[in-house]
Amino acid sequence: MTALSDHRTGTRPTMADVAAEAHVSVKTVSRVVNHEAGVRPDTAERVKAVIERLGFRRNDGARMVRQGRTFTIGLVVEDLANPFYSQIGAAVEREARIRQHQLITASAEGSPTRERAVLEALIARRVDGIVVVPAGETPSADPTVEASGTPIVYMDRPVRGAVNDTVLSDNQGGVRSAVEHLVAHGHRHIAFLGDDPGFWTARQRRESFVSTHRALGLPGPARVSMGPHSTTSIRDLLAAWAHDSDPTTAVITGNNRVTLAALHAMHDLRVSLAMVGYDDFELAGLLDPPVTVVHQDPAAMGQKAAQQLFARLLGDESAPQTVVMATRLIVRASGTRRGGPAR
């Protein structure tokens with residue numbers, strides 16, 4: 001009876017069985033299975049053919065135990081439904097897949113308490129590392145998280161006092177480019193609709209708006225309203241600003257959710273204001289007029305965070321670094337039009 005028939009009627013084929021039939025060492029089979037260098041191409045093809053014939057499958061469970069790794073990483077974000085975070089997730093998943101890791105994704109829903117629970121659960125699963133968009137600026141005091149030694153990379157928002165790699169967006173530069181764009185098109189009375197000031201990113205964008213407003217010598221105090229916002233609250237603000245003695249002619253929004261609420265409010269009020277939104281969003285280029293946005297490239301941020309994490313998993317012991325990713329202004333028509341009062 002051949003080795004092939006033995007394996008198809010008996011126990012699960014082993015690496016030794018593949019080595020015997022391919023007339024190579026077990027080490028050579030291991031190198032082929034684990035995509036390592038050092039095997040001649042013709043030998044590798046022969047081993048792969050035997051693997052296919054025998055139906056050999058690598059025992060990942062045993063390998064994980066031997067190496068002390070689970071070949072999984074975690075990703076914790078604020079809101080899985082938000083396109084910004086879904087793009088981050090897709091990028092992290094691609095980097096994990098390239099390195100033959102599985103990704104476990106969870107939402108903290110903006111709650112530090114839930115975030116700690118999610119981190120605990122991921123560590124209990126023995127994930128090799130975690131990328132986190134932190135729900136708050138205070139580091140987790142959970143002893144389970146601290147004692148695990150699991151590498152963590154923060155992104156989008158920093159955590160005070162944390163000794164971790166961090167990947168951020170240039171929030172201040174992004175808002176500055178938005179104000180400068182509107183001023184270049186003749187706008188002097190510009191307002192800012194920010195997100196919840198409890199978020200570090202929201203405060204960074206507000207601070208940049210106020211400082212740029214001052215630096216450019218725009219008239220009056222900076223008009224700022226921070227969230228959380230709804231279509232109704234923004235509608236009330238825009239109605240007041242449009243009928244002020246110095247009516248607002250342009251508005252900058254603090255993120256994609258605020259942008260969408262502002263667009264709904266302007267439609268309801270029939271107010272024509274110039275706009276620059278922070279974060280690009282689906283169909284922004286198809287609206288009338290197309291919406292100018294500050295694009296911060298969440299996919300590139302997610303990719304960089306994952307690469308930092310895998311560098312740590314490969315033994316990089318250099319000092320933690322903070323990487324600030326550049327933004328770019330995508331100029332469409334909404335930032336160039338002249339604002340007007342309610343009709």
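**Exercise 1.** Find what the pLDDT of residues 1-10 is, and how many contacts beyond four places in sequence the model has for them.

*Solution.* Over residues 1-10 the pLDDT (the predictor's confidence in each residue, from 0 to 100) stays under 50, and the model has nine contacts (heavy atoms within 4.5 Å) beyond four places in sequence for this stretch. Residues 61-66 also have a pLDDT that stays under 50, with six such contacts. Where pLDDT is low, the predicted coordinates should not be read in detail. As for the whole protein chain, its pLDDT averages 88, and 90% of the residues score at least 70.

This is a predicted model, in which local features need pLDDT of at least 70 and side-chain atom pairs count only at pLDDT 80 or more, while totals for chains, interfaces and linings use all residues. Residues are numbered from 1 along each chain as its sequence is written, and side-chain values use heavy atoms, with hydrogens and water left out.

**Exercise 2.** Work out which strands are the edge strands of the open sheet of six strands.

*Solution.* Begin with the order, S7-S6-S8-S9-S10-S12, in which the pairing is mixed; strands are DSSP runs (E, at least two residues), numbered from the N terminus, and two of them pair if DSSP finds at least two bridges between them. Strand S7 (223-225) and strand S12 (328-330) each pair on one side only, and these are the edge strands.

**Exercise 3.** Describe how S6 and S7 pair.

*Solution.* Strand S6 (residues 190-193) pairs with S7 in the parallel sense, over three bridges. Ala-191 has Arg-223 in S7 as its bridge partner.

Definitions and conventions
Helix = DSSP H or I, 4+ residues; strand = E, 2+ residues; numbered from the N terminus.
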